Amino acid sequence: MADMPKKKRKGANTSLVFTNKMYIFLIPALAMFLVFWIYPVLQLFYYSITNFNGINYDFDFVGLKNYSKVLSNGTLTNSLKNTMIYAVFTVVLSNVIGMAIAMILNTRIRFKGFFRTCAYFPALFSAIVVGFIWSYVYMPGAGMIGNLLTNIGLDGTAFNPLGNFRTALYAIAIVEVWKGFGTTMIIYLAGLQTVDESLLEAGRIDGCTEWQLIRKIKLPLISSTVTINVILSVIAGLKAFDYSFIMTNGGPGKSTKTLMFQVYETAFTDMKMGRASAFSVMAFAFIILITVIMLFYLNKREVEL
Amino acid sequence: MNRKTMFALALTGAMTLAASTAVFADYDHEAIENSGDITITLMVSGVATDNDFETEVLPNLIKEKWPNVTIEATKLPDDNYYTSLKTKLASGECPDLILTQPMYAGQNSCYALAEAGYLASLNDLDTVQGRQDMAAVTYDGDIVTSTSGVSILGCYYNKDLFAQAGIESVPQTWDEFLEDCQKLQDAGIQPIVMGDKDQYVLQFGLYQIAANEIYSKNPDYDIQLRSGETHFTDEGTWDKVLEMYKTLYDNKYIDADMSLGYGASQSITDFIDGKAAMTFDGSFNAPALTAEGAAGAFERGYFPIPGTEGVYTATCLGAGYSIYSGSKYIDQCKEILDYWQDGHSDVWKAHLATGRIIPVYGEGAETVPNIDLFQPFIDLMNEGKGFYWCNQAWPAGTENEMEVLFSEMVGGQGTEIEDITEGMQEKFEDLLED
């Protein structure tokens with residue numbers, strides 16, 4: 001009897017390109033993901049219910065004590081407030097500036113390649129370098145801005161943004177915006193270049209002003225880009241640590257202590273690794289919550305637009 | 001073990017040890033000779049420079065002495081060092097020799113590491129026999145850090161500016177100190193510059209005043225703090241220290257409007273540029289503070305901030321080297337440490353030449369750079385008027401609370417002295433918990 005063709009099982013992999021054997025190649029990446037991401041996160045939960053100090057592995061389980069301490073000692077309230085102010089400030093400013101510059105650099109102007117490079121330039125430096133440079137820019141008296149003020153007849157020594165409790169947080173947020181707006185701009189620029197020129201042409205023929213073209217055509221068409229940029233900025237804002245650490249070390253007083261800075265300080269200065277883990281778990285939950293809410297809201301807006 | 005009793009135990013152990021050290025000299029002094037080729041790992045904190053002592057000079061000199069020994073040294077910036085140390089300890093891969101701090105100071109404090117069982121006993125080192133000054137590195141009867149140097153906190157001053165303001169000698173009482181500040185201010189000279197943006201510099205002044213006003217009267221203050229007999233909130237202790245230091249800000253001898261935005265290095269620059277007459281800093285920053293700035297090579301001096309009833313000093317044992325208890329080469333490391341710290345070897349001389357340590361014994365101790373600045377402090381210490389830096393006896397983090405609250409007070413945030421002492425006490429108790 002002639003061989004009958006084998007009947008394929010329902011749902012069997014019939015792909016000639018991605019056969020079942022190809023899944024083997026996922027194993028290294030998956031293993032690394034499990035070892036370097038999932039396992040540490042699970043460890044974080046584990047340490048959060050212990051009194052581990054980071055050195056002595058002879059620790060005890062303390063239940064939810066670390067969580068109640070974090071909630072009751074005031075550090076969470078202060079750092080959460082600072083983080084929210086920082087995040088809102090940087091998200092708004094970096095997106096507004098990034099989008100405005102992207103709009104300008106998407107027009108037909110001379111040297112636009114050069115200007116695009118200039119705008120992106122700060123993003124190439126590490127936070128350490130940027131932090132040190134801006135510490136000197138902000139330095140009272142002999143700093144760059146202080147000197148400029150002195151040269152125009154004002155009191156340069158009175159300009160002390162990092163030493164002032166009211167301005168220090170905004171001063172470091174400005175540095176974050178300065179470094180980050182280039183990246184935001186590049187993403188907006190990529191979005192704007194996908195806008196079909198014929199739609200803009202049609203709008204112009206219909207008598208739209210430039211503002212109407214932006215409001216009614218460009219913005220709706222790049223709404224997914226806005227979502228990406230806002231979400232990325234929100235996550236970066238909520239994870240703020242670098243400039244608090246480099247430029248102010250959380251000061252003056254506690255005025256620039258962010259969530260992540262507080263976690264660092266609890267773990268490595270107070271040597272309360274267990275409590276820092278509990279702090280991280282709460283910060284982790286908070287960041288996810290905010291991100292998910294923002295994502296839902298912005299996706300909904302995308303559809304409406 | 002309960003941490004409250006642990007501190008008392010450590011000090012008791014130190015005293016017992018002092019009486020009985022002679023019986024411990026029994027490690028194998030020929031361990032290296034009998035080892036074949038070995039590699040000893042060393043990890044320290046700091047930033048490596050050209051011809052760096054730990055990473056270049058020390059390995060070469062040890063190789064000259066023992067050709068079969070290779071020292072593999074790593075030098076990391078402070079934060080990296082702490083993280084790396086913890087990771088290596090946790091994984092059982094700690095280097096054989098590590099840099100540790102006395103008592104509870106820092107994340108590499110010898111008491112915390114010894115409590116966790118990570119440090120080998122150094123009681124049988126030849127170089128610690130008969131030494132009476134090792135209490136701050138002795139835990140539960142075991143010397144755990146080998147250190148030969150001291151660290152000093154004091155007030156650097158510009159002799160030219162002092163002369164310009166008509167000040168002829170360094171102050172001997174707190175009132176004289178305030179009078180001198182006033183004279184400087186009246187002469188149009190900024191009396192003191194501090195980089196309070198790096199809040200840790202607040203310790204430089206406060207610990208000196210605490211040596212005068214608290215420890216000179218009650219050397220056991222911190223032991224009692226742990227047992228609950230004393231509190232930061234006790235009248236006439238930290239409230240007095242904080243009030244005295246605050247006076248300097250109230251009178252603008254230190255200008256908080258400027259200092260809160262100034263980093264530590266910026267204040268050093270201002271001092272060497274002649275923009276201020278004094279700055280409070282440690283012996284560890286002497287090279288930077290004695291360097292030539294815009295004001296040229298003016299003459300500098302260094303004195304301990306005087307107290308209301310005499311002059312005491314915040315001078316104490318500096319950081320040193322410990323042997324990891326899990327090391328395969330404990331006796332070999334001991335031979336190396338003994339050679340290094342013997343007071344006359346080539347390694348000893350090379351270490352002194354770095355200018356980073358102020359030795360309390362040995363050849364060349366009188367020739368270390370800036371020794372003329374440090375000698376008055378060493379003399380005071382030898383007279384029994386030297387006390388350790390407060391944070392060495394506190395759980396790490398207490399001093400940060402003090403700095404934060406003090407900054408808030410001088411920054412006009414409505415914080416009062418009692419808020420600071422209460423905050424310190426609360427933090428202290430919280431950190432001692434568990």
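Against which strands and which helix do the buried residues of helix 11 of chain B pack? The tour reaches that point after a survey of the whole model.

**Whole model**

Begin with both chains displayed and coloured by pLDDT; the model is predicted. Its scores are ipTM 0.81 and pTM 0.83. Chain B has an average pLDDT of 90, and 94% of its residues score at least 70. Next, select residues 1–24 of chain B, where pLDDT stays under 50. For this stretch the model has 37 contacts beyond four places in sequence. Where pLDDT is low, predicted coordinates should not be read in detail.

**Between the chains**

Select the residues of each chain that touch the other. On chain A there are 24 of them, in contact with 29 residues of chain B. The chain A side comprises 10 nonpolar, 12 polar and 2 charged residues.

**Two domains of chain B**

Now hide chain A and colour chain B by domain. Domain 1 covers 3–147 + 318–363, and domain 2 covers 153–314 + 389–433. The centres of domain 1 and domain 2 of chain B, taken over C-alpha atoms, are separated by 31 Å. Where the domains of chain B touch, 14 residues of domain 1 are in contact with 12 residues of domain 2. On the domain 1 side, helix 1 (residues 3–20) of chain B contributes the most, with 5 residues. That side of domain 1 of chain B has 9 nonpolar, 3 polar and 2 charged residues.

**A sheet in chain B**

Select strands 2, 1, 3 and 11 of chain B, which form an open sheet of 4 strands in the order 2-1-3-11 with mixed pairing. Strand 2 (69–76) and strand 11 (320–323) of chain B are the edge strands, each pairing on one side only. From one strand to the next, the twist averages 25 degrees.

Zoom in on strand 1 (residues 38–45) and strand 2 of chain B, which run parallel and are joined by 8 bridges. Met43(B) has Thr74(B), in strand 2 of chain B, as its bridge partner. Then add helix 3 (residues 78–91) of chain B, which lies across strand 1, strand 2 and strand 3 (97–100) of chain B. This helix runs at about 130 degrees to strand 1 of chain B.

**Helix 11 of chain B**

Select residues 264–272 of chain B to return to the opening question. Helix 11 of chain B is largely enclosed by the rest of the structure, because 8 of its 9 residues are buried. Among them are Ile268(B), Phe271(B) and Ile272(B), together with Asp270(B). The buried residues of this helix pack against strand 6 (149–158), strand 8 (276–282) and helix 12 (286–289) of chain B. Just after helix 11 of chain B, Gly274(B) takes a positive phi of about 75 degrees.

**Chain A**

Restore chain A and select Val175(A), which lies in helix 7 (residues 168–192) of chain A. Is Val175(A) buried or exposed? Val175(A) counts as buried because it has 23 C-beta neighbours inside 10 Å, the threshold being 20 or more. Beyond four places in sequence, its contacts are Val130(A), Trp134(A) and Tyr243(A). Val175(A) and Tyr243(A) are 68 residues apart in sequence, with 7.8 Å from C-alpha to C-alpha.

Finish with helix 3 (residues 75–105) and helix 12 (residues 259–268) of chain A, which pack at an angle of about 145 degrees with their axes 8 Å apart. Thr75(A), Ser79(A), Leu80(A) and Thr83(A) in helix 3 of chain A meet Leu259(A), Phe261(A) and Gln262(A) in helix 12 of chain A. By class, this contact has 3 nonpolar, 4 polar and no charged residues.

Terms used
Residues are numbered from 1 along each chain as its sequence is written. Chains are lettered from A and ligands numbered from 1 in the order in which they are written. This is a predicted model: local features need pLDDT of at least 70, side-chain atom pairs count only at pLDDT 80 or more; totals for chains, interfaces and linings use all residues. Two residues are in contact if their C-beta atoms, placed from the backbone, lie within 7 Å. Ala, Val, Leu, Ile, Met, Phe, Trp, Tyr, Cys and Pro count as nonpolar, Asp, Glu, Lys and Arg as charged, and the others, Gly among them, as polar. Axes are lines fitted to C-alpha atoms, for helices over the stretch in contact, and angles run from 0 to 180 degrees between N-to-C directions. Helices (H or I, at least four residues) and strands (E, at least two) are DSSP runs, numbered from the N terminus. Two strands pair if DSSP finds at least two bridges between them. pLDDT is the predictor's confidence in each residue, from 0 to 100. Domain bounds come from an automatic or database domain assignment. A residue is buried if 20 or more other C-beta atoms lie within 10 Å of its own, exposed if 12 or fewer, and partly exposed in between; C-beta atoms are placed from the backbone.
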